[in-house]
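I opened my notebook to work through the sheets and the helices that pack on them. My plan was to take one sheet at a time.

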Amino acid sequence: MPSNAMQTLRPEITSDPDHSVSAAQLILRFRELHRLSLSVHKDYNALYKDYLETGLKLLGMKIGIASRIENNVYTIRSVAPDKSGFSEGDQFALGDTYCSWVVEEERAIAIDAVGNDPDRCQHPVYQNAKLETYLAAPIWVEQQIYGTLNFTDTEIHTRTFCEEDVELVELMALGIGQVIERDLLDQRRQIATQKMNENIELFESAFKYASNGMALVATDGHWLRVNQALLDIVGYTEDELLALDFQAITHPEDLNKDLNLLQDMLDGKRSSYQMEKRYFHANGAIVWVQLSVSMVTHENGSPRYFISQINDISSQKKAMEELFRKRNELEIANRKLKELAIRDGLTKVHNRRSFDERLQHEFTQCYRSLQPLCLLLIDIDHFKEYNDNYGHPEGDQALKLVARTLVTELRAGDLVARFGGEEFAVILPCTNVEGGSLLAERIRIAIELIDCTKRALRVSIGVACFDANLQQNNINTVEQMIACADNGLYQAKGAGRNLVKVGTA
């Protein structure tokens, strides 16, 4: 989102307190925004209608429109009320709409009387429809303007627009954009999951129905799975072959070469090999085969099992090529799904879910090993003010810089996570309270020295330490440890911020 997308200083908006929204109206708006954020709509049409009707009620306007903008074409996605002169699906050149101002300036626009503006009153919309009052905000989706949420009226309002009016429309547009963005992400996840399931089915089909012999073989040589083509080659039933290892049916003159190549794979010297070898058929006859072997590993790289292909080399190569391709697609899909599950989309550090799992794991390990465990809770001081003054894109950039600084300052075994909003959490295994406090102070200074933000960033840090060796240790659960760090953070803020404080349980 561009840096001027959410400005707080708007030349068109009055600062006269007589024109501001009353406390009762603010409460009503807050409740309506809260309701909208919790509502689950059956489709986009219901979503748009709810937002439009709510905006009309709160703003006292006559016409509300939610639009989609693509390739300079303005399409009405929803309009309220139905008899407004506009219809869902209507399309206009973007330049023929007031919303071209929103797209051009990449921010909310509020105009109390278009006719009083000598430039804007020449606009085609004013010339044709005499829409005097206009209030709109861009709908941002994945850092691009997806469309607009706008409210218009043919009459000049007696009360000029105030900052609260603009913020209301901005928040409503933000809410719509977040719903659309989540929906797009869910669609991508569903496609990835479907692709993964298709790949598994293709693997199973390739294995079961392959015309050449195939097998999964354990690292000690026992057959794990075999297909019918291999059973036809060696003449055994499935139960008979699964009770044996490949050494038992391999010709003695070929066995050493096969075992040596296999050991090279276990030692990491090769990932696959091919060889001609002889098997003993169940009836005692010798069968020559072309053998191709590869190894599948666990995530940590340790051997898992071997994939063997046995038969005509021409058909074998084709089946292996397909098999490897599907396996790689599976691994890529799994990695992407895993990354989506554990990373914060903005800062790329671990998300809250990953943090909770890791903290529980480290807490259990330290409890058993009697090693200390330290937790830091880090909150950027006055971050709302930073966002208000410089806009959410600058705020997002600041969050990224803080996350990058945290990662730089920590050890390989430590974990940085976005705890929520402008808060970060750091897990420090095998670290006592003194070490954690020293590191927290180093982090505080490093963040303060970041020089590519709109203003210096300062953080308050709460420290908590679990140490089973201490006689007085009031932390017995992960929840108590988080509460202790939060207590330290509260003390740091209460003492003037930009401080490190050790919390008490």
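I settled one term before reading the strand order: two strands count as paired if DSSP finds at least two bridges between them. I also noted that the model is predicted.

**Entry: first sheet**

I looked up the strand order. I found an open sheet of 6 strands, β3-β2-β1-β6-β5-β4, with antiparallel pairing. Which strands stand at the edges? They are β3 (91-93) and β4 (109-111). Each has a single partner strand, so one side of each lacks a neighbour in the sheet. From one strand to the next, the twist averages 25°.

I then checked the pair β1 and β6. Strand β1 covers residues 63-70 and strand β6 covers residues 144-153. They pair in the antiparallel sense over 4 bridges. What stands opposite A66? I found L149, in β6.

Next I turned to the helices. Helix α2 (residues 44-59) packs on this sheet. I listed its contacts as β1, β2 (73-80), β5 (133-141) and β6. The direction of α2 makes about 70° with that of β2. Helix α5 (residues 163-209) lies across β4, β5 and β6. I noted that α5 runs at about 30° to β5.

**Entry: second sheet**

I moved on to the sheet with β12 in it. Here 5 strands form an open sheet, in the order β13-β14-β12-β15-β16. The pairing is mixed. I marked β13 (415-420) and β16 (500-502) as the edge strands, each pairing on one side only. The twist averages 20° from one strand to the next.

Over how many bridges do β12 and β15 pair? I read 8 bridges, in the antiparallel sense, between β12 (residues 373-380) and β15 (residues 459-466). Within this pair, I378 stands opposite I461 in β15.

Helix α11 (residues 352-369) packs on the sheet. I saw that α11 touches β12, β13, β14 (423-429) and β15. Its direction makes about 25° with that of β14. Helix α15 (residues 478-494) lies across β12, β13, β14, β15 and β16. I logged its angle to β15 as about 145°.

**Entry: a hairpin**

Last, I looked at β9 and β10. Strand β9 (residues 272-280) and strand β10 (residues 286-297) pair in the antiparallel sense over 9 bridges. Y273 stands opposite V293 in β10. How many residues lie between the two strands of the hairpin? I found 5 residues between β9 and β10. In the turn, G284 has a positive phi of about 100°.

Notes: Residues numbered from 1 in each chain as written. Predicted model: local features only at pLDDT ≥ 70, side-chain atom pairs only at ≥ 80, totals over all residues. Heavy atoms only, no water. Axes fitted to C-alpha atoms, helices over the stretch in contact; angles between N-to-C directions. Contact = heavy atoms within 4.5 Å.
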